[in-house]
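Work through the exercises below with the model open beside you. Try each task before you read its solution.

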Amino acid sequence: MRKFLFFIAFCFCLSTNIFSQEGATIRGNFQTTLQTYNKDTLIGADNAPEKLLLNSYANFLYNYKNINAGVRYEGYFNTLQGYDSKNDGFGFPYRFIQYNTDNFDITVGNFYEQFGNGIVFRSYEDKYIGYDNAIDGLRVKFNPISCLHFNAIIGRQRYAFSKNENGYSNVLNKGLIRGFDSEVSLNDLFKSFADSKTSILFGFSLVSKYQKEQAQYVTLNDTTYLLDIPENVSAFSGRFNIVRQPFAISAEYAYKINDPSAENGYIYKPGNATILNLTYSIKGFGMIVALKRTDNFGFRSDRTATLSDLNINYLPDITRNHIYAFPAFYPYATQNNGEVGVASEINFNIKKGSFIGGKYGTNLRLNYSRMHNIYKQQISSDISIGQKGTNGYISDVFKFNDDVFYQDISLEIDRKISKKFKFVVVYQNLIFDYAKLRGEPEMKTVYANIAIADFTYKISNKHSIRIELEGLFSEQDMGNWAMAACEYNVSPNWFFSLSDQYNYKNPRPEYETHYYNFAFGYKINSTRLQLSYGRQREGVVCIGGVCRSMPATNGFMFTLTSSF
Amino acid sequence: MRNLLLLSFVLIFSVSFGFSQNDTTKTYKKIPSVEIKDIEGNVFNTSQIINDGAPIIVDFWATWCKPCIKELMVLDENYIDWKEETGVRIFIVSVDDSRSTNNVAPFVNGKAWEFDVLLDANSDFKRAMGVVDVPHTFIIDGQGNIVHEHTAYAEGDEEKYYEILLELTENK
């Protein structure tokens, strides 16, 4: 901790001395969320012994010519419900110094980085889901020529906060990560390609983790065996991106050697993952088809880690990220141990002035996605699928399991009627395998239809009102839902909103109730504050393969964010 | 505890010293140099966000962000007029991660938007600009100075952008 403080003091003294020089800047941001908790047995909300909880972050970034330095303060007093309580504490878990020139970039300290699509390595932060796996170490980027990019990293991952003998500090995890990435643009590399209408990029990544062996035993036929756990585990991937307007195709394939872990049940099967994207787009029309297959591809710096802890890689979820309240009730989450699926989307603009397009044009967004479990077959009749200490199972790439994890068909129409009035309507049909995706075997698969209408009316240049109506219809889980929300905006500073979600036809009628919420906020330039009061339904927020369970809450919430 | 006090003192002193310098010399922040990607996936350095001495709008957004899309629809409606009157060039920086990065080009084309589109899949540029949430909009003058920033979007916020763009054009 002392070292941290001296480091920070040094950075800021440096900035004080040279800030007056032209070109030096400090920028950053501040965000805090405070919540009070009332007990509300009907919705399952618990109170907090502390009465109120608070998460806060402040970033300071300094830049002078080729030098960047930064530090982030984080304080959890104590951690908001629904976020990992391992974060309870405060300190400076993020600090770095970076030097960069046109073809050379070196960073010491903490950094975030992604190779390709992130399927072998991604270090990132998302405060909304409480995720941060920053690397503490060294990164060197080198571009010998403009079309050739090399990137090498080494370090350990951040793992929340914990107490040690010196007070609070961010704990660096046991595993060491080493990685290398390269990317080349053929168009810039070969003169004959320079004027080609086809743009071609290739990339290659290699990532390796080291973690000391921990004893793991398995009992077979009354004999106990000690498993031989690999201390070094490597994963590599190759990718390409070819664009020839209006078409584009990109793909990445990754392979990982045997990596027995708590997540895969200590099986020795090597893992692999494939992502393929095809797009076609011209002005007014865009289409994407994405295919993805994951087979035993969880990759963590600690082999005992589960949930969203210590991921080295990021397996992007290809299903649509819904933002309206009800379509986001049942979000899909990447299944690291195995999934195969397709997602496609069409965006279409019906021209303004046409009969269907109307005076201002109309936008359509049509989406289809479906995810299945992968096909798994027993290695032999005496070894069950996924048996600890074995190769687990055999999987055929061209077959898939009949289990549908998730299916989403949705259509969104966005139309402006006049200078003052516009609307969005959405229809969604959803299949959600609750038991497998949330790990609750007693739950039935949810089949739901969802309809949404969102109207905005501009009363004057500065005043506008928005009305949102939503309905979710299902015979499973909690039954039907209806929602009405009204938001009044006074540009550019004020907003007020009132909303109510009502649960009805619940198979357990005693839980039918209203989830009301009131909020108002003030914003000026890049500062925004908001106060709300109400009930929040229990749910799950997922971003990619990382999810956060949000507990039901009843209380006040205050948020403040500011950038400077 | 002593260390913490020392740190607080240094922080306050250095920041206030920095700001007091700002008050007298009126220095503006500029766009930092960060490597992100262009719409075709090629490496793009943000120092290339330029517009021959005319103003620039840089708008951070995502395909999953409702208010962002509302704002961009409005900017798109006004873009032709604003460009004619002020010469403005609009760069929209998508913070979609690899879940939806590949969908940005078809999405933008589907909406028939005319903006310059950049991809910031791991939020490196977003972090370097101090952005917390999207949408977050920056207005930059012809000398590359960030003269205004705005977070969130409500109907009518674009009027403020237009006023600033006109001021920048008149003061040129």
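The exercises go from the whole chain to contacts and then to single residues.

This is a predicted model, in which local features need pLDDT of at least 70, side-chain atom pairs count only at pLDDT 80 or more, and totals for chains, interfaces and linings use all residues. Residues are numbered from 1 along each chain as its sequence is written, chains are lettered from A and ligands numbered from 1 in the order in which they are written, and side-chain values use heavy atoms, with hydrogens and water left out.

**Exercise 1. Describe the build of chain A.**

Step 1: secondary structure. Chain A has three helices and 32 strands. Helices (H or I, at least four residues) and strands (E, at least two) are DSSP runs, numbered from the N terminus.

Step 2: extent. Along the principal axes, the C-alpha atoms of chain A fill a box of roughly 75 × 65 × 65 Å.

Step 3: radius of gyration. Chain A has 26 Å, which agrees with a compact globule, because 564 residues would then give a value near 24 Å. The radius is taken over C-alpha atoms, and the globule rule is 2.2 Å times the number of residues to the power 0.38.

**Exercise 2. Describe the contact between chain A and chain B.**

Step 1: count residues. Chain A gives 89 residues to the contact and chain B gives 66 residues. Contact means heavy atoms within 4.5 Å.

Step 2: find the area. The size of an interface is often given as the accessible area lost when the parts come together. Here chain A and chain B bury about 6500 Å², with 52% of it on carbon and sulfur atoms. Buried area is the accessible area (1.4 Å probe) that two parts lose on being put together, summed over both.

Step 3: look for pairs. Nine salt bridges cross the interface of chain A and chain B. A salt bridge is a side-chain nitrogen of Lys or Arg within 4 Å of a carboxyl oxygen of Asp or Glu. One of them joins Glu158(B) to Lys458(A), at 3.3 Å from N to O. There are also 34 residue pairs in polar contact between the two chains, both residues at pLDDT 80 or more. A polar contact is a pair of N or O atoms within 3.5 Å; within protein, one must be able to donate a hydrogen and the other to accept it, and residues adjacent in sequence count only if both atoms are side-chain atoms.

Step 4: name the main contributor. On the side of chain A that touches chain B, helix 1 (residues 2-18) gives the most, with nine residues.

Step 5: sort by class. That side of chain A has 28 nonpolar, 40 polar and 21 charged residues. Ala, Val, Leu, Ile, Met, Phe, Trp, Tyr, Cys and Pro count as nonpolar, Asp, Glu, Lys and Arg as charged, and the others, Gly among them, as polar.

**Exercise 3. Show how the two domains of chain A meet.**

Step 1: set the bounds. Domain 1 covers 1-27 + 57-316, and domain 2 covers 317-377 + 393-543. Such bounds come from an automatic or database domain assignment. The C-alpha centres of the two domains lie 29 Å apart.

Step 2: count the contact. Domain 1 of chain A gives 27 residues and domain 2 of chain A gives 25 residues.

Step 3: find the area. The two domains bury about 2200 Å², and carbon and sulfur atoms give 53% of that. In domain 1, Lys292(A), Arg293(A) and Thr294(A) lose the most area to domain 2, together 25% of what that side buries.

Step 4: look for pairs. The count between the domains is one salt bridge. Lys292(A) and Glu339(A) meet in a salt bridge at 2.5 Å, N to O. Strand 19 (residues 285-295) gives the most to the side of domain 1 that touches domain 2, with 11 residues.

**Exercise 4. Find the cis peptide bonds at Pro246(A) and Pro492(A), and place each proline.**

Step 1: the bond from Gln245(A) to Pro246(A) is cis, with omega near 10 degrees. Pro246(A) sits in the loop between strand 16 (232-244) and strand 17 of chain A.

Step 2: the bond from Ser491(A) to Pro492(A) is cis, with omega near 0 degrees. Pro492(A) sits in the loop between strand 26 (480-490) and strand 27 (494-504) of chain A.
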